[in-house]
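Reader: Please take a close look at one part of this predicted model. I would like the contact between the chains, followed into one helix.

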Amino acid sequence: MKKVLKKYINIYQDLSDDFAKNGNQKVFEYRNEALKKFKQNGIPDKNDENYKYTGIEKIFENDYEYFPDAKQSFVDINEYFKCEIGDMDTHVVLLSNGSYYEKNKPIEDLPEGVIICGLNEAMNKYPEIFDKYYNQHASEINDGFVSLNTMLANDGLFIFIPENTKLNKTIQLINLTHGFGNKSLFKRNLFIIEENSELSLIVCDHTLNNSNNFVVDVTESHIGKKSVFKYYALQNEPKKSSVINNHFITLEEYSKVNSLILSLHGGIIRNNIYAKLSGEYSHVKLYGLGLADNNQIFDNYTFIDHKVPNCKSNELYKNILDDSALTAFAGRIIVRPDAQKTEAFQTNNNISLTSGAKVRTKPQLEIYADDVKCSHGATIGQLDKDALFYLRSRGINAKEARLMLMFAFANDILLEIDVEPLRNRMSDLINSRLRGELPGCSHCLQGCHK
Amino acid sequence: MLVIKNLHAEINGKKILKGINLEIKAGEIHAIMGPNGSGKSTLSAVLAGKEDFTVTEGEIYYMGKDISDLNVEERANEGIFLSFQYPVEIPGVSMINFMKTAVNSQRKYKDLPPMSSAEFLKYMREMQDLVGLKSDLASRSVNVGFSGGEKKRNEIFQMAMLKPKLAILDETDSGLDIDALRIVANGVNKLKTPENSVIVITHYQRLLDFIVPDIVHVLYDGRIVKTAGKELALELEAKGYNWIKEEIDN
């Protein structure tokens with residue numbers, strides 16, 4: 001780990017002149033602060049309580065190259081790439097190896113004041129908005145990966161929705177990783193929704209090469225008073241991918257956030273969500289569904305901070321495990337002394353199809369207020385034998401009956417998607433994943449899922 | 001239709017069926033009565049092929065074939081239907097999905113093409129009417145939030161959808177009020193043809209007023225100890241099981 005630490009420190013030092021010269025000074029200050037933190041905290045490993053099960057050591061068995069500016073591509077990606085969640089009426093935005101794709105089709109007829117552009121562009125073009133929110137929430141957390149991202153990330157997606165504005169379409173962010181060689185990518189997104197507005201976003205990760213990739217993403221979302229943010233992420237990555245995904249969500253008064261992460265396939269996936277309920281009557285819902293097989297590791301960590309009274313949080317995370325997969329869930333909830341009338345509910349349910357799979361689950365509730373409703377629960381089980389017998393007794397073969405039960409288990413999560421075409425598409429993807437027929441990327445030339 | 005010869009079965013080493021002999025001809029309705037713990041539900045589970053039970057001795061011939069090697073779904077596809085005493089709740093599986101999969105599995109088994117959606121919906125509605133289940137049935141999860149009566153009607157609805165040759169009704173009357181009992185019995189009677197057979201497992205004579213058996217058997221301690229016409233059910237209702245127990249135990 002020391003070697004890795006040193007490597008990234010060196011990379012940063014090589015780039016730091018460029019960072020200083022080109023671009024937003026505030027961002028540069030943040031980079032230097034992050035470097036300090038990174039040196040102090042290092043990269044988390046299995047001795048770190050918080051990353052015990054993620055298999056970080058496995059990630060660094062490979063070496064990764066870092067390209068700070070990898071946006072160039074010889075072919076027009078729009079031409080040959082189609083996302084699995086296609087045929088939906090969305091505004092599509094591509095990030096190519098972490099950079100805002102220069103051939104992104106311009107999004108027409110956006111309401112006045114809405115900005116959708118690359119993060120790098122935003123930090124220089126709109127500093128008055130950008131500086132107010134960038135790295136405000138993320139810097140509160142001590143985590144080596146977040147520091148690493150703050151040091152090195154230089155682009156990503158920036159969305160600004162001014163007050164009283166609703167987009168007529170869902171935004172679909174497609175993160176494309178492609179090209180030769182093992183890559184490390186550090187993407188940074190910033191989403192700002194001002195008062196009384198709404199944003200619905202789908203994020204799809206796609207890898208088009210057959211290399212080992214190491215991705216550390218940080219997204220900060222600031223949700224203004226009475227605003228609504230819906231965030232749906234689809235993680236369908238090859239076995240060789242390692243993804244550390246961090247989402248910092250700040251909620252103001254009466255705002256609502258729904259986050260749903262569907263982890264269909266991947267090597268190592270770690271999702272960290274930090275939700276800060278900082279305005280009264282705000283409500284955050286976090287959902288996750290993982291379908292893990294082989295020796296995949298899906299690790300979800302959530303941290304919900306009830307800072308003020310009258311807020312609600314709901315968490316439902318489910319996993320289906322096969323072979324020798326491992327899933328972990330750790331849900332930390334803090335109810336601050338002032339946060340009376342808090343309602344916080346957390347559930348983690350797992351089905352293990354084999355005895356070789358491992359499930360780790362850990363609720364972590366710290367409650368400092370006395371008038372609250374909080375609950376947590378976790379289950380690990382097999383498919384219900386009586387239900388299997390019942391289905392089979394009507395002529396449904398054992399394999400099909402098992403699939404029906406697995407699908408039913410997953411379905412709870414899908415019901416939370418209120419974009420109907422997306423729900424249907426995700427339902428199809430889960431179905432084919434459970435049948436072992438997931439096409440991977442039908443568009444993909446590499447066949448990397450095989 | 002069904003010939004059972006000297007059937008012995010056990011679960012976790014505990015002997016439950018101790019030599020059952022039974023013959024059911026096409027078109028017949030047989031009632032199997034008996035005190036608690038006599039093996040009635042085990043017999044129905046063994047006929048359906050539930051793997052928790054081990055058949056240690058004897059044979060089951062169905063339509064002239066030994067079915068000991070057939071698994072649960074194969075037996076269902078051959079036309080054996082078990083109406084559960086305790087129907088299982090399956091959250092997240094809708095009735096329509098469940099029935100569509102079941103009907104088309106059975107059609108596939110018979111080399112028939114799957115039913116079209118329109119055809120299926122029409123068929124499902126007709127069969128629902130037969131047992132008086134409401135139109136929202138299709139979208140409800142299997143047995144979840146169903147009342148006791150609805151669960152039993154749902155069993156008969158499934159029987160109507162699948163048109164079995166041999167239906168085993170395991171205490172379908174338990175937990176039903178008289179109106180629900182009548183609806184359920186009516187459904188069974190409407191589905192009755194000269195080709196199919198029914199085994200009615202019950203504690204009480206009550207159901208047999210509505211589904212009239214040709215033959216009544218008494219199961220006691222894993223064996224059929226008495227077989228007679230439908231009048232036997234009335235006698236049991238009046239005198240209880242003790243006189244039979246005494247007869248056997250002595």
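**Where chain B meets chain A**

Author: On chain B, 20 residues are in contact with 17 residues of chain A. Four elements of chain B give two or more residues each to this side: helix H2 (72–77), strand E7 (90–94), helix H3 (95–109) and helix H5 (148–162). H3(B) gives the most, with five residues. By class, the side of chain B that touches chain A has 12 nonpolar, six polar and two charged residues.

Now take H5(B), one of those four elements. Its length fits the helix rule. At 1.5 Å a residue, its 15 residues should span 21 Å, and the end C-alpha atoms lie 22 Å apart, which agrees. H5(B) is also largely enclosed by the rest of the structure, because 12 of its 15 residues are buried. Buried here means 20 or more other C-beta atoms within 10 Å.

The buried residues of H5(B) include charged ones, among them B:Glu150, B:Lys152, B:Arg153 and B:Glu155. Nonpolar ones are there too, including B:Ile156, B:Phe157, B:Met159 and B:Leu162. B:Asn154 and B:Gln158 are buried as well.

What covers them? The cover for the buried residues of H5(B) includes two strands, E6 (80–83) and E9 (166–170) of chain B. It also includes the helices H3, H4 (117–131) and H6 (178–191) of chain B. H3(B) thus appears twice: in the cover of H5(B) and on the side that touches chain A.

After H5(B) comes B:Lys163. Its phi is positive, near 45°.

How values were computed: Residues are numbered from 1 along each chain as its sequence is written. Chains are lettered from A and ligands numbered from 1 in the order in which they are written. This is a predicted model: local features need pLDDT of at least 70, side-chain atom pairs count only at pLDDT 80 or more; totals for chains, interfaces and linings use all residues. Two residues are in contact if their C-beta atoms, placed from the backbone, lie within 7 Å. The expected span of a helix is 1.5 Å times one less than its number of residues.
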